[in-house]
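Visitor: I have a list of labels and I want to know how each one is earned. Can you take me through them?

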Amino acid sequence: STCADSTACIGRRRAFATWIEDDLVFDPNAGRNVSVGPSRRYGGMVALLFTLARKLDAQASVTYAQAHLTETGAPAFELGSGPQLPYVPRLAGRVDVAYHDTLRVRDESLGVSAGFGGTFLGKKPLPYGQLSPRTTVVDVGGELRYRFVAVELLVENLFDARYHAYD
């Protein structure tokens with residue numbers, strides 16, 4: 001939908017529930033995914049998109065999820081019964097903001113872009129009843145363009161968060 005002239009706002013929300021007949025989970029002892037039997041997952045997500053004057057774009061999303069092994073004989077809609085599945089974060093979020101503009105410098109066009117991205121992963125159940133720490137990863141970047149030349153600086157994981165995808 002349009003919030004005002006040259007501004008757009010879009011929001012979405014979803015809820016979900018899944019029943020999996022034969023789920024797979026990574027087993028650290030076996031070093032691979034192994035069958036754990038039936039499981040149930042449920043949760044929801046909210047996503048927002050905002051655009052201003054074709055210069056600023058922002059997007060944010062948050063997902064809440066629960067995943068449990070299904071105990072034998074448990075009623076179909078007791079979604080939260082049974083032990084939690086490992087490695088499924090309860091809360092995950094992402095924010096991205098990008099700015100693009102063209103500046104005039106002595107009658108020449110100079111393109112300018114900057115961006116920020118952040119990911120948050122809440123605690124995840126781990127094998128043996130443990131919980132992982134929360135993780136926040138921040139990425140930033142910027143670019144200057146003059147005619148056919150561009151200079152870009154990108155920094156991933158700005159604060160060097162311990163996060164397996166970056167190890």
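The talk below takes the labels one by one.

Guide: First, a caution: this is a predicted model.

Visitor: What makes Arg41 and Asp23 a salt bridge?

Guide: The cut-off is 4 Å from a side-chain nitrogen of Lys or Arg to a carboxyl oxygen of Asp or Glu. The side chains of Arg41 and Asp23 meet at 2.6 Å, N to O. That is within 4 Å, so the pair is called a salt bridge. The pair links distant parts of the chain: Arg41 lies in strand E3 and Asp23 in strand E2, 18 residues apart.

Visitor: Why is Asp23 called buried?

Guide: Buried means under 20% relative accessible area. Asp23 has 7%, so it counts as buried.

Visitor: And why is Arg41 called partly exposed?

Guide: Partly exposed runs between the 20% and 50% cut-offs. Arg41 has 23% relative accessibility, so the label is partly exposed.

Visitor: How do you know that Arg94 and Asp139 form a salt bridge?

Guide: Their N to O distance is 3.9 Å. The limit is 4 Å, so the pair passes. Arg94 sits in strand E5 and Asp139 in strand E7 (residues 135–146), 45 residues apart. Arg94, Asp96 and Asp139 are also linked in a network of salt bridges.

Visitor: Which of these two labels, buried or partly exposed, goes to Arg94, and which to Asp139?

Guide: Arg94 has 26% relative accessibility, so Arg94 is partly exposed. Asp139 has 16%, which is under 20%, so Asp139 is buried.

Visitor: How many salt bridges are there by this rule?

Guide: The count comes to 7. Among them is the pair Arg145 and Glu143, at 2.6 Å, N to O. Arg145 has a relative accessible area of 29%, so Arg145 is partly exposed.

Visitor: What makes a space inside the protein a cavity?

Guide: A 1.4 Å probe fits there but cannot get out. With a floor of 30 Å³, the count comes to 1 cavity. The largest cavity holds about 40 Å³ of space.

Visitor: Which residues line the largest cavity, and how many are nonpolar?

Guide: The lining is Ala65, Gln66, Ala67, Gln84, Leu85, Val88, Arg90 and Pro125. By class, 5 are nonpolar, 2 polar and 1 charged. Arg counts as charged, so Arg90 takes that last label.

Visitor: Which residues form the nonpolar patch on the surface?

Guide: Val95, Val97, Phe116, Val140, Leu158 and Phe159 form the patch. Together they have about 480 Å² of accessible area. Val97 is found in strand E5 (residues 91–105).

Methods. Residues are numbered from 1 along each chain as its sequence is written. This is a predicted model: local features need pLDDT of at least 70, side-chain atom pairs count only at pLDDT 80 or more; totals for chains, interfaces and linings use all residues. Side-chain values use heavy atoms; hydrogens and water are left out. On a 1 Å grid over the protein atoms alone, a cavity is a set of points where a 1.4 Å probe fits but cannot get out, and a pocket is an open set with protein on both sides within 12 Å along at least five of seven lines; lining residues have an atom within 4 Å of a point. Grid points are joined across faces, edges and corners, and a volume is the space filled by probe spheres set on the points. Patches are made of residues with over 30% relative accessible area and no salt bridge: like charges are joined within 9 Å, nonpolar side chains (Val, Leu, Ile, Met, Phe, Trp, Tyr) within 5 Å. Accessible areas come from the Shrake-Rupley method with a 1.4 Å probe; for residues, only the protein chains shown count as cover. Helices (H or I, at least four residues) and strands (E, at least two) are DSSP runs, numbered from the N terminus. Buried means under 20% relative accessible area, exposed over 50%, partly exposed in between (1.4 Å probe, protein chains only).
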